[in-house]
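Please open the structure in your viewer and keep the selection panel at hand. The tour below proceeds from the whole chain to single residues.

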Amino acid sequence: MNAANFARMKKSAYFLNLSRGNLVDEAALLQALEKKQIAGAAMDVGRAFDQKPSLNLAMRSDVIATPHTAGLTPDAIEHQALDTVRQVAELLSGRIPKEAVNVAKATRLARLGINDLT
């Protein structure tokens, strides 16, 4: 999202970002809010190194900013841990995990005895 995208939004629109902070030009969002091009924003991610919304946005009354904690529920933590163990077991068994992406770019799989990248 950049200045051109915010300019196309209705003045009554609220911008929501619950995915990735790097997808948003925060300076453009701040400008859109200051110029009243949009009504407000809500986000749980930002461009800072810790991925939190910037303070310039978070302290505004027309912005709702929260920490990005959706992945921190007990169920999500358990799933992530068990999935990681499953993927490591696949690799140690000489197999590519089913969900692997960019396998063709992997450069160290031969060390694990994986020569077939299909």
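With the whole chain selected and coloured by relative accessibility, buried residues account for 27% of the 118 residues. The model is a predicted one. The accessible surface of the chain amounts to about 8,500 Å², and carbon and sulfur atoms contribute 57% of that area.

Next, reduce the display to the C-alpha trace. Along its principal axes, the trace spans about 60 × 30 × 25 Å. The radius of gyration of the chain is 20 Å, whereas a compact globule of 118 residues would have a value near 13 Å. If contacts are drawn between residues at least 6 apart in sequence, 42% of them join residues at least 24 apart.

**The secondary structure**

Switch to a cartoon representation. The chain contains four helices and three strands, and along the sequence they follow the pattern α-β-α-β-α-β-α.

**The sheet**

Select the three strands together. They form an open sheet in the order E1-E2-E3, with parallel pairing. E1 and strand E3 (63-65) are the edge strands, each pairing on one side only. From one strand to the next, the twist averages 10°.

Now select strand E1, residues 14-17. Phe15 and Asn17 make up its covered face, while Tyr14 and Leu16 lie on the uncovered one. Add strand E2, residues 40-43, to the selection: E1 and E2 pair in the parallel sense over four bridges. Two positions help to align the pair: Tyr14 stands opposite Gly40 in E2, and Leu16 stands opposite Ala42 in E2. To follow the connection, trace the chain from E1 through helix H2 (residues 26-34) to E2; this β-α-β crossover is right-handed.

Keep E2 selected and show its side chains. Which residues of E2 lie on each of its two faces? Gly40 and Ala42 are on one side, Ala41 and Met43 are on the other, and all are buried, with both faces covered.

Bring E3 back into view. E2 and E3 pair in the parallel sense over three bridges. Within E3, Ile64 is the bridge partner of Ala42, the residue of E2 that Leu16 stands opposite.

Then display helix H2 over the sheet. H2 lies across E1, E2 and E3, and it runs at about 145° to E2.

**Val63**

Centre the view on Val63, which is located in strand E3. Is Val63 buried or exposed? Its relative accessibility is 7%, so Val63 counts as buried, the limit for that class being under 20%. Leaving aside residues up to four places away in sequence, Val63 touches Leu33, Ala41, Leu57 and Ala58. Among these partners, Ala41 belongs to E2, where it is buried. A distance drawn between the C-alpha atoms of Val63 and Tyr14 reads 9.1 Å, although 49 residues separate the two along the chain.

**Two residues with positive phi**

Select Lys36, in the loop between H2 and E2. Lys36 has a positive phi of about 60° although it is not a glycine. With a relative accessibility of 56%, Lys36 counts as exposed, because that class begins over 50%.

Move on to Asn102, in the segment after H4. Asn102 also is a residue other than glycine with a positive phi, here near 60°. Its relative accessibility of 60% is the reason why Asn102 counts as exposed.

**Gly113**

The last stop is Gly113, which is found in the segment after helix H4 (74-92). Gly113 has 52% relative accessibility and therefore counts as exposed. How far apart in space are Gly113 and Thr84, C-alpha to C-alpha? The distance is 19 Å, for a separation of 29 residues in sequence.

Conventions: Residues numbered from 1 in each chain as written. Predicted model: local features only at pLDDT ≥ 70, side-chain atom pairs only at ≥ 80, totals over all residues. Heavy atoms only, no water. Buried < 20%, exposed > 50% of the residue type's maximum accessible area, 1.4 Å probe, protein only. Pairing = 2+ DSSP bridges. Right-handed = clockwise from strand over helix to strand, strands pointing away. Axes fitted to C-alpha atoms, helices over the stretch in contact; angles between N-to-C directions. Contact = heavy atoms within 4.5 Å. Rg over C-alpha atoms; globule rule 2.2 N^0.38 Å. Areas by Shrake-Rupley, 256 points an atom, 1.4 Å probe, with all protein chains shown as cover.
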